[in-house]
Amino acid sequence: MEIPAGFRFFPTEEELVSFYLRNQLDGRRQEMHSVIPVLNIYDVEPWDLPQLAGERCRRDTEQWFYFTPRQEREARGGRANRTTASGYWKATGSPSYVYSSDDRVIGMKKTMVFYKGKAPSGKKTKWKMNEYRAIEAVPNPTAVTTTPMLRHEFSLCRIYVVSGSFRAFDRRPLETVSRATQLHENRTATFSERASMMEVTSSSSTSHSGGDHSDQPEANEDDIWEMVNDLEEPPLGWEQMNWTGV
């Protein structure tokens, strides 16, 4: 099908996690692969990834999305291998929660930067990635509550080039962004009182952000598990979102 002029795929982070990633984890909506294909992005250099984007998104020049399966070494309890032939992806900043529009925790987000060369002396590039993983509420057999569980079978990766535009990934009206920012500031104040919680430093770290900012110290892989285990209230059921086609 021919894509009309001006078509752009700009989902919110809530839609990425609660609709696209959730359906991929459940093996539904195979037609999604026309916009978000399944690909091990660590087998490909970042500048070659746009050519492998979903057939309906290959004209995009700002961002590209991929479902990345869990590596075998991760399944055995090891760390993911994020090196390519010419460089490596390095985590930056702290992992953060992804929230739904009704203020529920639905996933985790980690930001990475691509470096050319060998670690730790590689040269930083403008290629960046947001890696999203879903959090699911699992029934607790010993209690009436549920337990939050981080899903690892697939992650959803957004690849982009640093643009310098603060709202490059946020196309919502400014008043909506303002309300979301206030929600995040309230959460940050609450989290700072919990010693075991990772510090969330700015609104750019949540599901309501879109800018490119200076890199923070590298996050530890175990930080994500700590944040999931530290959730006081498990996320509620996933939203039912309609497939409208693209």
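**Notebook: strands, contacts and cavities**

I began with Thr111 and, leaving aside its neighbours within four places in sequence, found it in contact with Lys90, Ala91, Thr92, Lys128, Met129, Asn130 and Tyr160. The model I am reading is a predicted one. With Asn130, the contact includes a polar one between the two side chains, at 3.1 Å. I located Thr111 in strand S3. Is Thr111 buried or exposed? I entered Thr111 as buried because its relative accessible area is 18%, and the cut-off for buried is under 20%. I also looked up Cys157, which is 46 residues from Thr111 in sequence; their C-alpha atoms lie 9.7 Å apart.

**Entry: Gly107**

I stayed in strand S3, which covers residues 105-116, and turned to Gly107. Its relative accessible area is 0%, so I recorded Gly107 as buried. Which residues does Gly107 touch, leaving aside neighbours within four places in sequence? I listed Val17, Ser96, Tyr97 and Val98, together with Arg133, Ala134 and Ile135. I then checked Leu16, 91 residues from Gly107 in sequence, and noted a C-alpha to C-alpha distance of 9.9 Å.

**Entry: the S2 and S3 pairing**

I next examined strand S2, residues 87-99. How many residues of S2 are buried? I noted 11 of its 13, and I described the strand as mostly covered. How do S2 and S3 run, parallel or antiparallel? I found them antiparallel, with 10 bridges joining the two strands. Within this pairing I marked Trp89, which stands opposite Phe114 in S3. I recorded the two strands as a hairpin, with 5 residues between S2 and S3. In the turn I singled out Asp103, whose phi is positive, at about 70°.

**Entry: Gln63**

I moved to strand S1, residues 63-69, where Gln63 is found. Gln63 counts as buried because its relative accessibility is 3%. What does the side chain of Gln63 meet at 2.9 Å? I entered a polar contact with the side chain of Arg158. I also looked up Phe9, 54 residues from Gln63 along the chain, and found their C-alpha atoms separated by 8.8 Å.

**Entry: cavities**

I then searched for enclosed space and counted 3 cavities of 30 Å³ or more. For the largest cavity I wrote down a volume of about 70 Å³. Which of its 13 lining residues are closest to the centre? I listed Pro69, Glu74, Glu131, Arg133 and Ser155. The elements that give two or more residues to this lining are S1, strand S4 (123-139) and strand S6 (154-161). I cross-referenced Arg133, which appears among the residues closest to the cavity centre and is also one of the contacts of Gly107.

**Entry: the whole chain**

I closed with the protein chain as a whole and counted 4 helices and 6 strands. Along the sequence I read the pattern α-β-α-β-β-β-β-β-α-α. How much of the chain is buried? Of its 246 residues, I recorded 49% as buried. I put the accessible surface at about 12800 Å², with 49% of it belonging to carbon and sulfur atoms. Finally, I considered contacts between residues at least 6 apart in sequence, and noted that 71% of these join residues at least 24 apart.

Key
Residues are numbered from 1 along each chain as its sequence is written. This is a predicted model: local features need pLDDT of at least 70, side-chain atom pairs count only at pLDDT 80 or more; totals for chains, interfaces and linings use all residues. Side-chain values use heavy atoms; hydrogens and water are left out. Buried means under 20% relative accessible area, exposed over 50%, partly exposed in between (1.4 Å probe, protein chains only). A polar contact is a pair of N or O atoms within 3.5 Å; within protein, one must be able to donate a hydrogen and the other to accept it, and residues adjacent in sequence count only if both atoms are side-chain atoms. Contact means heavy atoms within 4.5 Å. Accessible areas come from the Shrake-Rupley method with a 1.4 Å probe; for residues, only the protein chains shown count as cover. Two strands pair if DSSP finds at least two bridges between them. On a 1 Å grid over the protein atoms alone, a cavity is a set of points where a 1.4 Å probe fits but cannot get out, and a pocket is an open set with protein on both sides within 12 Å along at least five of seven lines; lining residues have an atom within 4 Å of a point. Grid points are joined across faces, edges and corners, and a volume is the space filled by probe spheres set on the points.
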